[in-house]
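This report describes the surroundings of a bound ligand and the architecture of the protein around it. The sequence and the structure are shown first.

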Amino acid sequence: MVRSKIAGIGMYVPQHVVTNNDLLKYMETSDEWIQERTGIKERRYAHRTDETTTTMGVEAAKTAIERAGITPQDIDFIIFATLCPDYYFPGCGVLVQRAMKMKEIGALDVRNQCSGFVYAISVGDQFIKSGMYKNILVIGAEKHSFGLDFSTRGRNITVIFGDGAGAVVLQPATNEGQGILSTHLHSDGDSAEILAMYNPGTHANHWTPEKLADFDDGEIGELFMSHAMIDNAQLFPNMDGPAVFKKAVVKFPEVINEALTQNGLTIADLKMLIPHQANLRIAQFIQQKLKLRDDQVHNNIQKFGNTTAASIPIALCEAWEEGKIKEGDLVCLAAFGSGFTWASALIRW
Ligand code: ACO
């Protein structure tokens, strides 16, 4: 059976470094609190007008495409994972097609938040396996800095997130045994509201006993986004941090073990685990639970914060650039996030 391999990988992070102390000018917080709870020291913020989720994705894609030894015109299909698209619609995929002057190929956006990149490469993998496409560009990118609550009210979320992008080119593997061995995708919508941005949206409080915004007043044309939503801070993401932590530390190890077991492999076979960079404490918990050595896990949330769909390709690219991943190595990508959704991919590099 044909397998997909990662033929090229790239990453892009904006130049502007924002330290924990820099956040003090907006909110009551401290370097000590942020580092102790999340491990984050600094993150990057995109340029206000010159950089978007798409442009950062394009920068990462240029490197990935070059490293794959092809040109943008060789790409057969684009898959773009993000939770902060340039437009509510259309998605970022078509903006990449335009920006990179690609052929009139298909472009698909994946909205699976922190698991978005693993879901996206799983989709790409199926197209390669079926023989439908030969060169698939998969991007994960986020410009979180535009959509966060920078007042003290939003500090439990805002301090965690950063901007950036990562990209890979998937191609059919040529070496026996090489490539994506399997992918594993899961969801549990029971906790959809625990980590979510409710508005703007069409829910009109349908799913929850409490009001997520006021839809009882106003004309039909005023319901999508209203002044009341702005005044009541209802246009920002929401997170029950401890609930996310509790579920994440169960589902991460579960989905990693699922991938290894399906392939008749064990933790000892793993050269590198690339966990979604949600929070250093979560990554450390998983490492401990799975009894992984320090050299078997790559974390970089300390420098970049949580970049959601971009975190895995950024960490994977960095680990590869540092020479920590070589041909033949077994690499596991694992993600958990809003939805809840969780996923893993096991790759023979
Ligand atoms: N600076 C200072 N104080 C803060 C901050 C901040 N940035 N944020 C919250 N606090 C305060 C709160 O106001 C609260 O104060 P109080 O006790 O006086 O009321 C106190 O710290 C504890 O607040 P909690 O929200 O309960 O904070 P917690 O200890 O749970 O830590 C955290 C928050 C780090 C998010 C934690 O819940 C966690 O690790 N959750 C895991 C989820 C996660 O990491 N999500 C990342 C994104 S989701 C994903 O990628 C899957």
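In this predicted model, a polar side-chain atom of Asn306 lies 2.8 Å from an oxygen atom of the ligand. Taken on its own, the ligand has 1000 Å² of accessible area, of which the protein covers 71%. Two or more residues of the surrounding shell come from each of helix H1 (31-38), helix H5 (155-158), helix H7 (241-262) and strand E12 (330-337). Among the contributors to this shell, H7 gives the most, with four residues.

**Ligand shell**

The ligand is surrounded by 23 residues, and the closest are Thr29, Arg37, His276, Asn279 and Asn306. By residue class, the shell consists of 13 nonpolar, eight polar and two charged residues. Three pairs of atoms between protein and ligand are listed below.

| Residue | Protein atom | Ligand atom | Distance |
|---|---|---|---|
| Thr29 | polar side-chain atom | nitrogen | 2.7 Å |
| Gly241 | backbone N or O atom | nitrogen | 3.0 Å |
| Asn306 | polar side-chain atom | oxygen | 2.8 Å |

Thr29 and Asn306 thus appear with polar side-chain atoms, whereas Gly241 appears with a backbone N or O atom.

**The sheet and helix H7**

An open sheet is formed by four strands in the order E8-E13-E12-E11, with mixed pairing. Which strands stand at its edges? These are strand E8 (179-187) and strand E11 (272-275); each has a single partner strand, so one side of each is left without a neighbour in the sheet. On average, and with direction ignored, neighbouring strands of this sheet are turned by 10° against each other.

E11 and E12 run parallel and are joined by four bridges. Pro275 has Ala334, in E12, as its bridge partner. Helix H7 packs on the sheet, where the helix touches E8, E11, E12 and strand E13 (341-348). The direction of H7 makes about 150° with that of E12. H7 and E12 both also belong to the elements that give two or more residues to the ligand shell.

**Gln97 in helix H3**

A further local feature concerns Gln97, which lies in helix H3 (residues 92-99). What lies 2.9 Å from a polar atom of the Gln97 side chain? The backbone oxygen of Met102 is found at that distance. With neighbours within four places in sequence left aside, Gln97 is in contact with Ile78, Met102, Lys103, Glu104 and Ile105. Met102 therefore enters both descriptions of Gln97, as the backbone oxygen partner and as a member of the contact list.

Notes
Residues are numbered from 1 along each chain as its sequence is written. This is a predicted model: local features need pLDDT of at least 70, side-chain atom pairs count only at pLDDT 80 or more; totals for chains, interfaces and linings use all residues. Side-chain values use heavy atoms; hydrogens and water are left out. A residue is near a molecule or strand if one of its heavy atoms lies within 4 Å of it. A polar contact is a pair of N or O atoms within 3.5 Å; within protein, one must be able to donate a hydrogen and the other to accept it, and residues adjacent in sequence count only if both atoms are side-chain atoms. Accessible areas come from the Shrake-Rupley method with a 1.4 Å probe; for residues, only the protein chains shown count as cover. Ala, Val, Leu, Ile, Met, Phe, Trp, Tyr, Cys and Pro count as nonpolar, Asp, Glu, Lys and Arg as charged, and the others, Gly among them, as polar. Two strands pair if DSSP finds at least two bridges between them. Axes are lines fitted to C-alpha atoms, for helices over the stretch in contact, and angles run from 0 to 180 degrees between N-to-C directions. Contact means heavy atoms within 4.5 Å.
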